Amino acid sequence: MAEVVRLEDVRKYFPGVKALDGVTMSIRSGEVHALIGENGAGKSTLVKVLTGVHSLTSGTVYVDGAPVSFRSPHDSQAAGIAAIHQEASMFPNLTIVENIFMGHHLRKASGLLDWAAMKTRTRELCGRLSLKISPDTLVRDLSVAQRHQIEIVKALSIDARVIIMDEPTASLSLKEIKELYELVRKLREAGTAIVFISHKFEEIFEIADTYTVLRDGKYVGDGRVGDVTTDDLVRMMAGAALDRLFPERTPTIGGIALRVQSLRQAGVFEDISFELHKGEVLGFFGLVGAGRSELMQSIFGVRGRDGGSVFAGAAELKALRPQQAMAEGIAFVPEDRQEQGVILDMSIVENTTLASLKAVSRFGFPNRKTELATTERLAKRFSLRASSLRQVVAALSGGNQQKVVLSKWLATEPRILILDEPTRGIDVGTKAAVHSFIGELADQGYAIILVSSELHEVLGMSDRVLVMKEGRLVAEFDRDNAEAEQVLGAAIGATTAQRGA
Amino acid sequence: MSVSQRLAKTFVRWEAVLVVLLVGVFILNTSLSPFFLRRINLLNATYNFMERAIMALPMMLIIIVGEIDISVAGTIALSSTMMGLAMQAGASIPVMVIVALGTGLLAGMLNAVIVLKFRVPSIAVTIGTMSLYRGIAYVILGNQAITGYPRELATVGQGVVGNGMFPIPLAIFIALAAVFGVVLHRSRLGRCFYAIGNNATAARFSGLPVDRYKAALFSLNGLVAGFAAVLLTSRILSTRPNIATAWELEVVTLVVLGGVAITGGKGSIFGVILSVFTIGYLRFGLSLINVPSQVIGIITGLLLVGAIILPGLFEKLSNRMIIDRQLIPDIDSETTTIDA
């Protein structure tokens, strides 16, 4: 089968992060190619490179053997590459035919839009995939599965030869998934190349012909799906033994600092119970969307809950009262730094003291000297790099912004730290600094929850690892028996590891 | 920052533009009437716009936290009506004042409840309550006016401080502006307001009681509208359901022309004070030469649109002047760390 697209030694660097670091991949017509890797392995970046959203740092993309450079999504579409996203990006109040031809309407000789021709073409394309939907249906009246189908029709309408499907089954029912497989097989028979991104191994073995595994932005392996087992793939995703350095420490675990009992929020997380001890780093691993961030937000009190209770020491923490959680010594470094962590247009000083304004105020007025002294002390502790502490946070790099968030929470003098993806998207130097900081605090008796989608970070830092999958705690591992493959397997559901087993 | 950058930053500030505008208005008014610059005229002219000026102060805080209250003029009509009813029922002046303040406070609290409980955008809610509050005034009064307020009531809205010639409303405005300025620029509350306006999510995630602060500000806005109703009623010694018509837009114009970002998070008390006097004296000058009120309305509308567009443009210009001269060291050093 002919090679349609070839990536050769493709690299994409962002400031501080090597999102893609030498990836080679061959996409052939009439093949379903599974792209595999854990969160942050570089799959999304690869899709964005293929669809012209990101430009390359180095390397070459070939289409039909000729090198190309996509300057925009439009270039990529013109080359016949279309992506179908997790969250279908459609116009709900327009009809199917209007959605399909958005941006490349067919026109009559007079220049007017030729709706009749567009409808005919839509019917023809739907027929080719044996879909029975009227082109005049409004998209908002379609089910999620039908919207996916229309996205595929849309891809065909621009004569796409490569269709990228990013977790297409994520929100589909079993029956709908079967239908999707049928569709994918039809496309394959017609000679379309399909890049299929999925976390579910059953799916990969059911539908894919070939695979490529990425890890940390690097190419790890590829081959035919028939030649490997689930264990092989998990091993490739997880990588060999810990090849990164994490602080050495000998934890002294104390009494219970935080106790969560049967906490639930309908449709988000269910029946969550665990205990966190003083001096302990408790890792939370899971795939994106497993409900970890939502759980942490609910514990801290910035998100509601439908049942269950949270105790910090003796005090019960009520829902939607972050002030109470803070009074009990809880600090929460949220997942989304720019939206939830920092206030971009305010200065480093103002950000640092925001959560502890009372402590630096007298009679309700912040004392500028005290504020500056507090900020200077913390900035020094984290080696914050800024031209002035009065600089706005927007001018800082991601790593330095994260240092400001950490400073803000350390200024509240907490006893319990909840860190949600504290090293996401920051440079290696800052990452190491954050890791040694976590180790130091745990050694000083702080109780720490570390939520991370980076397997090695969780394994390297945690004394105990809890794994969440689809809103539930599914497995627990001690530091000594937390093996990368088992932890990842529990998160993905490839093995039948049970909690407490 | 070098000296030249600091100069650039100062002169391209919106407040500087307002000073120029204010001077321009003074020159215009002096050319229209040679008596304008007399102290007594300058002071007396302020009686006409102090109610709106005072209302601009809490509105400034509401807009800074990223909300808006369009119902303030309706609140004035309702408060003044209730005050009139109290007077007709034989209430004394202090009771009348309390009734007006209480009505305003309740109106503001209702706005707060609807906006925060039901998570509806405040612009939609307060457009609704604007009609509601004024509608109640119309239902109660029909096309009638309430008159017959006691002469002593006039002391507040028409009086002077002591035996001099300094208007009481102006004195109240200056005192309140000082308080609001200190709260906004020096206090913990003010810091929280800026934080909420810039990023309400991050503020909430930092443990700030965002909803409580917003509820307090809506209530305060209603209370101050009630106070403005007292001043206005005291100045004109009558109540009609159509008093203070379209003042909501003028108050918002004062705040936004003062450089407060309509999207929240930015603005200063100095800008608002300057814009109060700029617009106040501009309207005074235009009425001196008998410009019809409809035309004044057109000019106010244009000012509002201009006020929304211009401060942003100025900021861009000012940033560009500064960035041109400033290398951002952080990015460079960051990349070198990685390659090392």
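Here are three short exercises, with worked solutions, on a predicted model.

**Exercise 1. The sheet of chain A**

Work out in what order the four strands of the open sheet in chain A lie, and which of them are the edge strands.

*Solution.* Start with the order: the strands run 2-1-4-5, with antiparallel pairing. Next, look for strands that pair on one side only; these are strand 2 (17–28) and strand 5 (66–68) of chain A. From one strand to the next, the twist averages 25°. Now zoom in on one pair: strand 1 (residues 3–14) and strand 2 of chain A are joined antiparallel over nine bridges. One of the residues to find here is Val17(A) in strand 2, the bridge partner of Phe14(A). Finally, add helix 1 (residues 43–50) of chain A, which lies across strand 1 and strand 2 and runs at about 65° to strand 2.

**Exercise 2. Two helices of chain A**

Find how helix 5 (residues 144–157) and helix 6 (residues 174–189) of chain A pack.

*Solution.* First take the geometry: the angle is about 10°, and the axes are 10 Å apart. Angles under 35 degrees count as roughly parallel, so helix 5 of chain A is roughly parallel to helix 6 of chain A. Then list the residues that meet: Ala145(A), His148(A), Gln149(A) and Ile152(A) from helix 5, and Glu176(A), Glu179(A), Leu180(A) and Leu183(A) from helix 6. Sorting the residues of this contact gives four nonpolar, two polar and two charged.

**Exercise 3. Chain B**

Describe chain B by its helices and strands, and by its buried share.

*Solution.* Counting gives 16 helices and zero strands in chain B. Of its 340 residues, 44% count as buried.

Definitions and conventions: Residues are numbered from 1 along each chain as its sequence is written. Chains are lettered from A and ligands numbered from 1 in the order in which they are written. This is a predicted model: local features need pLDDT of at least 70, side-chain atom pairs count only at pLDDT 80 or more; totals for chains, interfaces and linings use all residues. Axes are lines fitted to C-alpha atoms, for helices over the stretch in contact, and angles run from 0 to 180 degrees between N-to-C directions. Angles under 35 degrees count as roughly parallel, over 145 as roughly antiparallel, 65 to 115 as roughly perpendicular and the rest as oblique. Two residues are in contact if their C-beta atoms, placed from the backbone, lie within 7 Å. Ala, Val, Leu, Ile, Met, Phe, Trp, Tyr, Cys and Pro count as nonpolar, Asp, Glu, Lys and Arg as charged, and the others, Gly among them, as polar. A residue is buried if 20 or more other C-beta atoms lie within 10 Å of its own, exposed if 12 or fewer, and partly exposed in between; C-beta atoms are placed from the backbone. Two strands pair if DSSP finds at least two bridges between them.
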